[in-house]
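Student: I've got a new structure to look at and I'd like to talk it through. Can you take my questions one at a time?

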Amino acid sequence: MEVSDLPTERRKHRRLQLKGDGVALLRTPSSHKTIVGEIMDISVDGVSFRYISGEEPDHGPSELSLVSADHSFYLGSLPIRTVSDLEMAKIPFGSVSTRRRGLKFGKMGLLGMLILFLYVAISLCNNGSSTAYAAEQAVSHESSAETVNEGGHGNSQGADRKGDLLDLLYRFMNFALLVIILGWGMKKAGVKNLLASRVKDIRQKLDELKSEKAAFESKYRDIEERLRAFEEEKKRIIEEYKSEGQAEKDKIVAEAKARVKQIIDQAELIIQQEMQSARDRLKQEVVDLAAEKAQDILSKRITDDDQDKLVDEFIERVGKLH
Amino acid sequence: LRGSKVTKRYAKALLGLGQEDGRFEEYGKDLKDFTEFCSNNEEFRNVIANQVFPVEDRKAILKTVMVKSHFSDTVKHFLSLLLDKNRIGAIEEITRHYERLTDEISNIARAEIITAKPLKEEAQKKLVNALEDLTSKTIRAELSEDSGLIGGMIVKIGDLVLNGSVKAQLEGLKESLKRGEYS
């Protein structure tokens with residue numbers, strides 16, 4: 001970004017002109033460079049200083065430190081943002097030039113703000129001005145609207161310190177009047193009673209909360225007791241199931257044993273039957289073979305006399321049937 | 001079964017006629033002769049029993065045979081009727097039933113005698129006498145041989161069976177052994 005492209009410095013707060021009353025040290029950690037310059041003006045919003053530079057300016061993230069002229073005050077590591085960096089004059093016979101850099105303060109804590117005010121006040125004192133100006137800056141910081149109005153006066157009041165002091169006096173009186181009216185109004189409105197009532201309410205609420213806490217503790221103990229009872233019941237049920245399981249197991253084993261015995265008995269019976277059947281078959285085969293053999297032998301050996309004898313026996317038996 | 005009933009009916013009808021005129025034995029003999037003729041002349045039997053041929057032709061053939069036969073007129077008419085009713089093919093069965101009926105009327109029992117070896121005449125007479133004593137009927141023996149009997153004989157009279165064969169005795173012995181009666 002070119003310097004000329006940087007936004008124009010437009011601080012809302014009044015500037016205090018300082019000529020050789022303070023030194024600004026701008027340190028850029030990324031490039032390890034430190035610029036030392038003379039503070040030209042300062043406000044609670046920002047600061048500008050001039051410095052001599054022979055290089056291209058570095059506008060990266062930087063930290064600002066302010067040192068008073070008599071080295072009695074030091075304010076370091078202020079968060080800033082560069083809003084302008086203008087070349088003021090070229091030094092003959094070289095590339096060195098005088099530049100003016102305008103910085104805007106970043107967000108600071110209350111302590112940082114107070115120290116800054118203090119620095120401005122010290123600078124004013126060193127510069128032969130009234131310390132009331134620093135107080136005025138503080139008031140103007142709290143009420144930005146007023147500061148904006150006053151900002152319209154510009155640098156003309158910076159020259160007239162007396163007028164500033166009167167203005168500061170009026171403001172102080174105004175503020176004091178505001179405080180008195182506010183105190184009277186609060187008394188009239190019974191803020192004390194309100195606060196007392198509030199305290200009472202809070203105490204009552206606290207008591208309620210305590211009773212609720214006690215109730216919850218009681219409930220907690222009750223739940224704890226039930227949980228304990230539940231655990232015991234769980235153990236009892238598990239034991240019961242274990243005993244039932246054991247009984248069932250014993251029953252199954254007994255049934256299985258009985259079944260095994262039955263199967264063995266049945267198998268033995270079947271074996272006996274099969275053996276008997278085999279014996280019978282064998283016997284029948286033997287008888288069949290014997291009968292067949294006997295038939296063959298008789299067929300070969302039977303004679304006519306045998307036949308006649310058989311016929312006679314047959315006729316005799318028929319005769320006996322009558 | 002239906003054919004059997006029909007043949008019995010025809011046999012009874014002829015017997016009724018025979019009993020009326022007292023010639024049932026002669027009719028029986030004629031039927032037996034015709035049945036034997038049919039058995040000896042298979043072609044003749046096939047022709048007269050086959051309905052493929054016209055009934056007039058078959059009747060003409062039968063008539064030709066009848067003319068040359070000594071059969072009584074009743075039997076001739078009976079055979080002609082059988083041919084008209086397409087029952088001539090059952091002549092053997094009708095003849096058997098007719099004989100059975102005439103046997104009952106004449107108190108005759110037919111005994112089927114099966115022997116392992118030829119039966120001697122003397123033994124046959126003794127057997128017939130014994131059977132006649134047993135059945136109180138005149139026995140007409142029908143002899144046959146079966147070497148499978150090994151020895152002895154079998155006599156069948158109607159439903160009565162007298163088994164005196166060696167084979168039957170062997171079978172009985174075998175069954176007794178199987179039943180363990182001798183163990």
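Student: How many aromatic pairs does the count come to over all chains?
Tutor: Keep in mind that this is a predicted model. Two rings pair if their centres lie within 6.5 Å. By that rule, the count over all chains comes to five aromatic pairs.

Student: What kind of aromatic pair do A:Phe49 and A:Tyr51 form?
Tutor: Their centres are 5.7 Å apart, with 40° between the planes. Under 30 degrees would count as stacked and over 60 as edge-to-face, with the rest called tilted. So A:Phe49 and A:Tyr51 form a pair that is tilted.

Student: Does A:Phe49 count as buried or exposed?
Tutor: Buried means under 20% relative accessible area. A:Phe49 comes in at 0%, and its partner A:Tyr51 at 3% also counts as buried. Because its relative accessibility is 0%, A:Phe49 counts as buried.

Student: Which parts of chain B does the pair of B:Phe34 and B:Phe71 tie together?
Tutor: These two rings sit edge-to-face, 6.2 Å centre to centre, with 75° between the planes. B:Phe34 lies in helix H2 of chain B, while B:Phe71 is in a loop, so the pair ties together parts that are 37 residues apart in sequence. Those parts are helix H2 and the loop between helix H4 and helix H5.

Student: Which residues form one aromatic cluster with B:Phe34?
Tutor: We've already met one of them, B:Phe71, which is buried, as is B:Phe34. The cluster takes in two further names as well. With B:Phe34, the members are B:Phe37, B:Phe44 and B:Phe71.

Student: Let's switch to strands. In what sense do strand E2 and strand E5 of chain A pair?
Tutor: Strand E2 covers residues 22-28 of chain A, and E5(A) joins it over six bridges. One spot to look at is A:Val23, which stands opposite A:Val67 in E5(A). The sense of the pairing is antiparallel.

Student: Which residue in the turn between E5(A) and E6(A) has a positive phi?
Tutor: E5(A) and E6(A) pair in the antiparallel sense over four bridges, and A:Val67 stands opposite A:Tyr74 in E6(A). The two strands form a hairpin with five residues between them. In that turn, the residue with a positive phi of about 60° is A:His71.

Student: How many of the six residues of strand E5 of chain A are buried?
Tutor: Strand E5 runs over residues 63-68 of chain A. The strand is mostly covered. The buried residues number five.

Student: Now charges. How many residues apart in sequence are the parts tied together by A:Arg99 and A:Asp85?
Tutor: Side chains of opposite charge can pair when their charged atoms come close. Here A:Arg99 and A:Asp85 meet in a salt bridge at 3.3 Å, N to O, and both are buried. A:Arg99 lies in strand E7 and A:Asp85 in strand E6 of chain A, so the parts they tie together are apart in sequence by 14 residues.

Student: Is A:Lys320 buried or exposed?
Tutor: The side chains of A:Glu316 and A:Lys320 meet in a salt bridge at 3.8 Å, N to O. A:Glu316 is partly exposed at 48%, whereas A:Lys320 has a relative accessible area of 63%. Over 50% is the cut-off, so A:Lys320 is exposed.

Key: Residues numbered from 1 in each chain as written. Chains lettered and ligands numbered in written order. Predicted model: local features only at pLDDT ≥ 70, side-chain atom pairs only at ≥ 80, totals over all residues. Heavy atoms only, no water. Buried < 20%, exposed > 50% of the residue type's maximum accessible area, 1.4 Å probe, protein only. Pairing = 2+ DSSP bridges. Phe/Tyr/Trp six-rings, centres within 6.5 Å; stacked < 30°, edge-to-face > 60°. Salt bridge = Lys/Arg side-chain N within 4 Å of Asp/Glu carboxyl O.
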